[in-house]
Structures are given as C-alpha cells and as structure tokens.
Protein chains: 2
Amino acid sequence: MSELNERAQLLLKALTERYIRDGQPVGSRTLAREAGLKLSPATVRNVIADLEDLGLVRSPHTSAGRVPTVQGYRLFVDTLLSVKPLEQETVEELQENLEIEGDSRGLMETASSLLSDVTRLAGVVTLPRHEHASLQRVEFLPLSNRKVLAILVISDTEVQNCILNTERDYGAAELQQYSNFLNEQFAGKELHSVRATLLAELRETREHLNRMMTTAMTMADKVLGEAEKGSDYVLAGQTNLMDCDELCNVTTLRHLFEAFDEKREILGLLDQCVESEGVQIFIGEESGYQMLDECSLVTAPYTVDGKVLGVLGVIGPTRMAYERIIPIVDATARILSAALNPRD
Amino acid sequence: MSELNERAQLLLKALTERYIRDGQPVGSRTLAREAGLKLSPATVRNVIADLEDLGLVRSPHTSAGRVPTVQGYRLFVDTLLSVKPLEQETVEELQENLEIEGDSRGLMETASSLLSDVTRLAGVVTLPRHEHASLQRVEFLPLSNRKVLAILVISDTEVQNCILNTERDYGAAELQQYSNFLNEQFAGKELHSVRATLLAELRETREHLNRMMTTAMTMADKVLGEAEKGSDYVLAGQTNLMDCDELCNVTTLRHLFEAFDEKREILGLLDQCVESEGVQIFIGEESGYQMLDECSLVTAPYTVDGKVLGVLGVIGPTRMAYERIIPIVDATARILSAALNPRD
DNA sequence: TTTAGCACTCCCGGTGCAAGAGTGCTAACA
DNA sequence: TGTTAGCACTCTTGCACCGGGAGTGCTAAA
C-alpha cells in the first residue's frame, strides 16, 4: 500500500527491463545479479513478494520467475523509464524520407512504413482530418458517358477527386459556371459548414433556385460527402508482429488482423489520442479492446499550425522496448508535422 | 505409364473430394465406402498403390491414408472436376455490388472484398493496366506554395492526379495554355507513346522549344511517370487464410503475408495470367514461388472492349473447394468486365 | 481380378520419472 | 529489524515408454 521505496522501484525497473530484453520470467537470483544492488536472492524475493501483493508483477505459475503486470508496465513507463536519446542516424533517416512530395496520403504511407521499419513493429498513421479544413476550390471537368469529374482542393497537399454519375452530359462551359458559382460562395469556408449550408439550401429553396444551382450543389454535396467520411488510417509492417513470440499464435494474430481490416475499433482508439499533447501510451487491456490485450499502442499527434490533424503511432506487444519506441514515435510526429507545415 | 483407367480416375476424384472436404488423409476403407463402387478396401489399396507410383497421391507417413499431390490436384482440376453451377444468389450479390460508381480503384476494392467474402479466402484484383490506354485529357490547376495540381484523364472511370512541386508559382492562364498545347498534340494517343515522344523531344530540342513548352512537357512527363509505374493490386480478406489449418502456422503465414506486402512477386505471378483466355490455376509449387507452396491461385482476366485490362482471383490453400471457387472467379471476372464496359 | 487375413508400421495420447529452476518459509545472524 | 542461508516444496520440461487405433503391404485363397 505505502509508496514504493527506492529499492523496490529499482527492482521493478530491473525486472521489467530484463523481461523486455529476453522475454523470460525473471527469477530472484537473476534479478539480484541484474539490479546491481548487493542483495541476496532471498532478500530480492521478499521485495518481489510485496510487488506481487501490489499487483505490479505476477508469476505465470508457481515456480517460475515474475513478469510485470499491466499495472507494473504502467508504473514503469510513467515513472521509472529512462528514455534513450535517439540515434542521430534514425533521425536523419526519418527526416530524409519525410520530405513532402505529392499528396498527403503518400506522405502518411511513408511515415507509416518508416515507423514500422525503424521500430520493427507495426506503424500506423491516421489520415489528416478535414473537419476544420476549409475548401480552397472546386472544379468540375466533363467526362464522356454522363460522368463528371469533380475536384476538391483542400490545401496544397490535399486534393480529392471523385467521378460523379449524372443524368445527362454536361459541357465544359456549363460546368465552369457551376464551379465559379460555388467558388465565389464557398471558397475559404470550412468544409462542414459548406456542407451544412448546401444541404439546407437544397432542401429549403429547391424550387426557387434555377436548375443550374441545384445541379452544382448536388454535385458539390456528393464530393463533400466523400471527403468527410474519409476517417481512415494507414497501417504498415503488420508482419513484424508475427515475429513477437507473445503474439505468435494464430488466434491472437487473427483477432488482431481482423481488427486492422475492420478499422473501426482501431480508429476509435486512435481518435482518443488526438486530445493529448504529446506521446500517449495504452498498455494491454487499458485500451479497452480485447484484440489489443497483449499489445501496447504508443501514439503522438501531428499538427499543422498548432492544430492537431491526426495521430501516428506504433502497435506492438506489451513487452516492447518502450525506452526506444517512445522517442521514435515522438520524433516522427515532430518531423511529420514539420514536413506538413508550409515553410518559407 | 499407361493411361489411368476409369476406376482409378474415379477413385482419385473421390479421394481428392473427400480430402478437400475434411482435410484428413483418406484411408482405403473410407474411400471404398465413399466412391460408391462396390469394392473392398483391399482392392482400393491396390489401385491407390498405382496412383502413388504415378505420383498422384502420397501418404504423410507410413500408416496414414493418402492425400493428393500437386500432380494429383492438377489432374483433378483439369479432367475430373465437375464444377458446381453458381447459386443464383451469389451471382446477384456480385452483380448488385459491382455497379460502377466512382473511380476504378474503388471498384477493384469492392471486387476484391466480394471475392474474399464469397469464397472465404483471400481475393485479389490487379488495377487496370494503362499500357495500351490512351490519354483523354490533361489539366493543370494552380495551387499555392509553388505547387501545381496535374490531372490526367485516361477514361471515364480512370483519373489520376498528382501534385507537382515546381520552381515557381504558375497562374491559371499560363497553365491553361500548357494543357491546351498538350491536349492538342497528344489527346487520344497511347500513354506510353506520349511519354516516349515527350522524353525524346525534351532531350533533343530542349534549346529550340520555348520555355513554356518545356515546362508543360516536364510536368506532363512527371504525371505520366506516376501513372505508368502504377502496376499494383488490391488484396482483401487475408485474414480468411488464417482459418485454413494447412496454413495455420506462424512461419508459413508470415512468409505469405510478407509476400503480400512486398507485392512484387505476387504481381509477377498475376501478370502471367494476363495472357490466358479464361480461368487459370496455379497449384502449390507450380507457381514457382516458395511462399505459395501450400497455396493455390485461381485467376481470370477482366477485359474492356475485348482487351485484357487486368486479372482478378483468389488465393487459398491448395486444399480448396475448386468446384466452387472456379465458377465464382469466372463469374466475377465477367461481371466486372461488364461493369467496366460502357453500356448504352 | 478381387478379396480376406494378418503382421507390421507409425501416430497419438497418456503416464512416469528425473533434472532444473524458482519459490515460500523459517531460523539464524548483524 | 532488516538481511541472509538453508531447505522443503512446486511446477515445468524433456524424455522414454506403452497401448490403442488406423491404415498399410503382402500373401494366399476365391
């Protein structure tokens, strides 16, 4: 119950580090050697027994060593962890590869693979949210066969296009009129307010507006619908998880991969991380999602102009090298933010 | 060796069907009952011994029943298989969901998930190849921050866009000039010839052309480069493979999933299927790729205007229900082709 | 050519055993 | 009072062994 004294903390730290390193339950003899304290195994056993009472460690079976519980990990990452400073080469690798080039989806994909390569775990990056983005411009181009190409420019790096099926062919000039109209009225407005206005006007004044307006609005609305539903993420390096021995049974993996495919739950979890300022960590069952029971998630938000656009992170086994992963996730988020912010 | 007599064929068929059904090596007693012939187990054993000499079946160990070898499966699918006619509801499900709406990538994604849902295996669809596609139109739109949005219209259902970093800002009018120029010169030409011409002209006459042309061409070339390298595929339902007991060990799965991520090898294999007219099947090691040793691949090409644009198919364990899978793949390819072909 | 009979092989699950690792407890020690 | 040595105990792990079951291959008879 009382606060953990220094020795107990040190032992928990040593135990956790050792267990993270080689995945075997740690016994008192090993720990006594490991911790650097001049203590006999018997003494260590006494301390460990206390830690067990506090629910910080447990033994897989009667005569095995101890492994950290979720609470043990929590305490470890919150107060005991000494994060490694990043190696310069890792930072450089990240910086070199996160030069913005092309659209933002491509960038998120690189970020995700970089994360997974550097950490040897699964990397995940949510696509930028458009909620507070504003509409820069809309363009319509005629295609053949009663189709129209709609292009939605949200920012320099964020363009969405969508092919609309219409009830007749439109000419270039006519479409130009529509887009001019929309641009005049809505350019610079926030996407969701644009959409709300459009919907309202469509409903209320359908009769009063001329045919052109209606068509333009219906089109614009369809495109916006596409753009808004785009809550999504990019995952890379799932296969790395198949190397972790704690996840290495087919049923666990299956649940995990199904959740990746399903996306909904993972997205829900990632959305929770948008709030936090810096690195956030979910350990094992803390996430509240069963398929992540044996996993931890380390995330950090990325921003443009101080506004959080999304989060990136790493999914791996609970027993991951936090002291290495945390700074990597942190740095990646910073570098990605830097890449997204328009310089000069 | 002599031709297989009818009885041997019948037994091989029964054996394969039975093995596909429940995954256990089939013994002579079971087979004698199964085949419907009035034969004693001993007789069956004799026949089976011949099949084994021919390399069509093998036993996992001395005193187990027999399972088909790759050659056995080959013979089975080539000459013994009685394909099930598709259930009407499956066809309807496919047809309803493969209505074209939006761009072709979306369509391929639906096709892929449909395949995986209906077969309970992994579905794969290659994206349409652009090699013989022709350029319908190019458009450039100015963005801020020294960026230009290039849009490449290939067909009604195939649009590609790409954000170019340029060395200065361009105005709308100027860009319009460029695209007009390119459209006049290249609209309707095949993509790769457009590209070749561009490259050649760029090299040879760089000095003679005015600045505008050069810029326009460089831009167009960048976009085309993007468009051409786009040999890619969409995969769905990988997790289904985790249910197949023959693939259910982590190392096999890892190799497989790594190959899926890598894409190169799988693409190579899929490209080989472009040639064939109809359904094509690779069984186990026939594919030549080690990670597919325990897998079979059933593919069929999809076409527009009689030209093959790509292939779709199903990846599953060697022991899959061919008589059900083959017609599904076949039908899906037809329906997808129909959806892509401009009607009316 | 087909079949019955039979010895043989191999897998599989259960059991027993010994070694090893680690614990919890107790009693002695500083 | 905190630390340590000693010791009995528990539990895993690997190994060998055994018996039943399934299925084969061979031989000889129908």
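**Two protein chains and two DNA strands**

Across the interface of chain B and chain A, 2 salt bridges are found. The model examined here is a predicted one, and this meeting of two chains is a good place to begin reading it. One of the salt bridges pairs the side chain of Asp243(B) with that of Arg254(A), at 2.7 Å from N to O. Polar contacts also cross the interface of chain B and chain A, where 4 residue pairs with both members at pLDDT 80 or more are counted.

Which elements of chain B give two or more residues to the side that touches chain A? They are strand 4 (137-142), strand 5 (147-155), strand 6 (158-165) and helix 10 (250-262) of chain B. Helix 10 of chain B gives the most to this side, with 6 residues. Sorted by class, the side of chain B that touches chain A holds 15 nonpolar, 9 polar and 14 charged residues.

The extent of the contact can be put in numbers too. Chain B brings 38 residues to the contact, and chain A brings 38 residues as well. The size of an interface is often expressed as the accessible area that is lost when the parts come together. Between chain B and chain A, the buried area is about 3,200 Å², and carbon and sulfur atoms give 55% of this area. Within chain B, the residues that lose the most area to chain A are Asp156(B), Ile163(B) and Val250(B), which together make up 18% of what that side buries.

Attention now turns to the DNA, beginning with strand C. This strand is surrounded by 20 residues, the closest being Ser28(A), Arg66(A), Arg7(B), Thr43(B) and Thr62(B). Which part of DNA strand C do the atoms within 4 Å of the protein belong to? Sugar or phosphate accounts for 73% of them, and the rest belong to bases. Two of the closest residues show how a phosphate can be approached. In Ser28(A), an N or O atom of the side chain is 2.6 Å from a phosphate oxygen of DNA strand C, while in Arg7(B) a polar side-chain atom lies 2.7 Å from a phosphate oxygen of that strand. Ser63(A) takes part through its backbone, with an N or O atom 3.4 Å from a sugar or linking oxygen of DNA strand C.

Helix 3 (41-53) of chain A and helix 3 (41-53) of chain B each supply at least two residues of the surface near DNA strand C. The most comes from helix 3 of chain B, with 4 residues. The surface near DNA strand C has 3 nonpolar, 11 polar and 6 charged residues.

DNA strand D completes the picture. Of the 20 residues around DNA strand D, the nearest are Arg7(A), Thr43(A), Thr62(A), Ser28(B) and Arg66(B). Of the atoms of DNA strand D that come within 4 Å of the protein, 75% are from sugar and phosphate. The side chain of Arg7(A) places an N or O atom 2.7 Å from a phosphate oxygen of DNA strand D, and for Thr62(A) the corresponding distance to a phosphate oxygen is 3.1 Å. From chain B, a backbone N or O atom of Ala64(B) lies 3.4 Å from a sugar or linking oxygen of DNA strand D.

Helix 3 of chain A and helix 3 of chain B each supply at least two residues here as well. Near DNA strand D, the largest share of the surface, 4 residues, belongs to helix 3 of chain A. The surface near DNA strand D divides into 3 nonpolar, 11 polar and 6 charged residues.

Terms used: Residues are numbered from 1 along each chain as its sequence is written. Chains are lettered from A and ligands numbered from 1 in the order in which they are written. This is a predicted model: local features need pLDDT of at least 70, side-chain atom pairs count only at pLDDT 80 or more; totals for chains, interfaces and linings use all residues. Side-chain values use heavy atoms; hydrogens and water are left out. A residue is near a molecule or strand if one of its heavy atoms lies within 4 Å of it. A polar contact is a pair of N or O atoms within 3.5 Å; within protein, one must be able to donate a hydrogen and the other to accept it, and residues adjacent in sequence count only if both atoms are side-chain atoms. Ala, Val, Leu, Ile, Met, Phe, Trp, Tyr, Cys and Pro count as nonpolar, Asp, Glu, Lys and Arg as charged, and the others, Gly among them, as polar. Contact means heavy atoms within 4.5 Å. Buried area is the accessible area (1.4 Å probe) that two parts lose on being put together, summed over both. A salt bridge is a side-chain nitrogen of Lys or Arg within 4 Å of a carboxyl oxygen of Asp or Glu.
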